[in-house]
Amino acid sequence: MATDTMTDVFEEHRPVLMGVAYRMLGRVADAEDVVQEAWLRWSESDRDQVREPRAFLVRVTTRLAIDRLRHLQSRREAYVGPWLPEPYVTDLGSSVPDTAERAVLAESVSLAVLVVLESLSPLERAVFVLREAFGFPFAEIAVALDRTEAAVRQLAGRARKHVDEGRPRYKVDPAQRRDLTERFLAAATEGDLEGLMSLLAPDVRLVGDSGGKSKAPVRILETADKVGRFLHGAVGKSVREAGGRLEVRFIEVNGADCLFVLYDGMPDSIFQLDVVDGLIQDVYIVRNPDKLVSLIP
């Protein structure tokens, strides 16, 4: 296989490989490292013996991601405060038509689902990602993981049951999420506590990820009173005091609109909301600077 053709084949499948690796690892840098290692394995392989390049590349990427995930899990046990996946700019609107496929891809990369995936074993996570997000047949997954098809079906069943129990039991309307996010931003920046509280569900949760490297709650906050007062006091005050040094943009992250906050032109935080019945059910805040590197303009 000529070098140009070899590179073209890999680049054709890179989006799928990156999608698999990110959903497995929850960090962009780790996913990129895995995809780069897959490229090295591809470039060194006897490609004349590879009948299905896509299957080969997915198999290599998945196994590399499993190995890295096992290493990362031990490090995450010492993580300071709640852990959230690294924000991943998806912009599915420009790359995937507004179809059922887009809905599945958006859900599989959502912060809420990725948090649930953290509680799966590496093998269960791999099966779930390959089957649910990308629709690979069980037989193909079995080859990728060097397991029997029966074993893969069992892993898939356990993973599906666990994810169904742990992920939100609702569908978020994108237009409603955008509207509430805009109203949330206005109430926070104007110091409107009453207006902010009116947007929150009684049992709202706030999950802040700073890794101990910036200001954010070290525990999950629950109830509208606690979440509202934190947002009004800590977040609202910071926004108001920053003045012109602060910029807020809407971007699509993990399949949904979110608020991207920059301070002096550098990434400061990501705010994403989940909405149920017209009220904010979950507030996700990522402030760990290591997880915002990929968002640097």
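This passage describes the strand pairing, the helix packing and selected backbone angles of a predicted model.

The sheet is considered before the helices. Six strands make up an open sheet of mixed pairing, in which the order is E2-E1-E6-E5-E4-E3. Its edges are formed by strand E2 (221-222) and strand E3 (246-253), each of which pairs on one side only. Helix H10 (residues 174-190) packs on this sheet and touches E3, strand E4 (256-263), E5 and E6, while the direction of H10 makes about 125° with that of E5. In general, the strands of a sheet pair through backbone hydrogen bonds, in either a parallel or an antiparallel arrangement.

Both senses of pairing are found at strand E6, which comprises residues 279-286. With strand E1 (residues 200-209), E6 pairs in the parallel sense over six bridges, and with strand E5 (residues 266-276) it is joined by seven bridges in the antiparallel sense. On the side of E1, Arg 205 has Asp 282 of E6 as its bridge partner, and Leu 200 stands opposite Ile 280 in E6. On the side of E5, the bridge partner of Ile 270 is Val 286 in E6. Strand E6 is mostly covered, given that seven of its eight residues are buried.

The hairpin of E5 and E6 has two residues between the strands. Asp 277, which lies in the loop between E5 and E6, has a phi near 50°, a positive value in a residue other than glycine. The relative accessibility of Asp 277 is 77%, and because exposure is assigned over 50%, this residue counts as exposed.

A second aspartate with positive phi occurs among the helices. Asp 146 is located in the loop between H8 and H9, where its phi is near 55°, again a positive value in a residue other than glycine. Its relative accessible area is 60%, and Asp 146 is therefore classed as exposed.

The two helices that flank this loop also pack against each other. The axes of helix H8 (residues 138-145) and helix H9 (residues 149-166) come within 8 Å and cross at roughly 100°, so that H8 and H9 are roughly perpendicular to each other. The residues that make the contact are Phe 138, Ala 139, Ile 141 and Ala 142 on H8, together with Glu 149, Val 152, Arg 153 and Ala 156 on H9. Sorted by class, the contact of H8 with H9 comprises six nonpolar and two charged residues, with no polar residue.

Helix H7 (residues 122-133) was examined with respect to both its length and its burial. At 1.5 Å a residue, the twelve residues of H7 should span 16 Å, and the end C-alpha atoms are indeed 16 Å apart, which agrees with this expectation. Ten of the twelve residues of H7 are buried, so the helix is largely enclosed by the rest of the structure. The buried residues include the charged side chains of Glu 124 and Arg 125, alongside Pro 122, Leu 123, Ala 126, Val 127, Phe 128, Val 129, Leu 130 and Ala 133. H7 is followed by Gly 135, for which phi is positive and near 70°.

Definitions and conventions: Residues numbered from 1 in each chain as written. Predicted model: local features only at pLDDT ≥ 70, side-chain atom pairs only at ≥ 80, totals over all residues. Heavy atoms only, no water. Buried < 20%, exposed > 50% of the residue type's maximum accessible area, 1.4 Å probe, protein only. Helix = DSSP H or I, 4+ residues; strand = E, 2+ residues; numbered from the N terminus. Pairing = 2+ DSSP bridges. Axes fitted to C-alpha atoms, helices over the stretch in contact; angles between N-to-C directions. Parallel < 35°, antiparallel > 145°, perpendicular 65-115°, else oblique. Contact = heavy atoms within 4.5 Å. Expected span 1.5 Å × (residues − 1).
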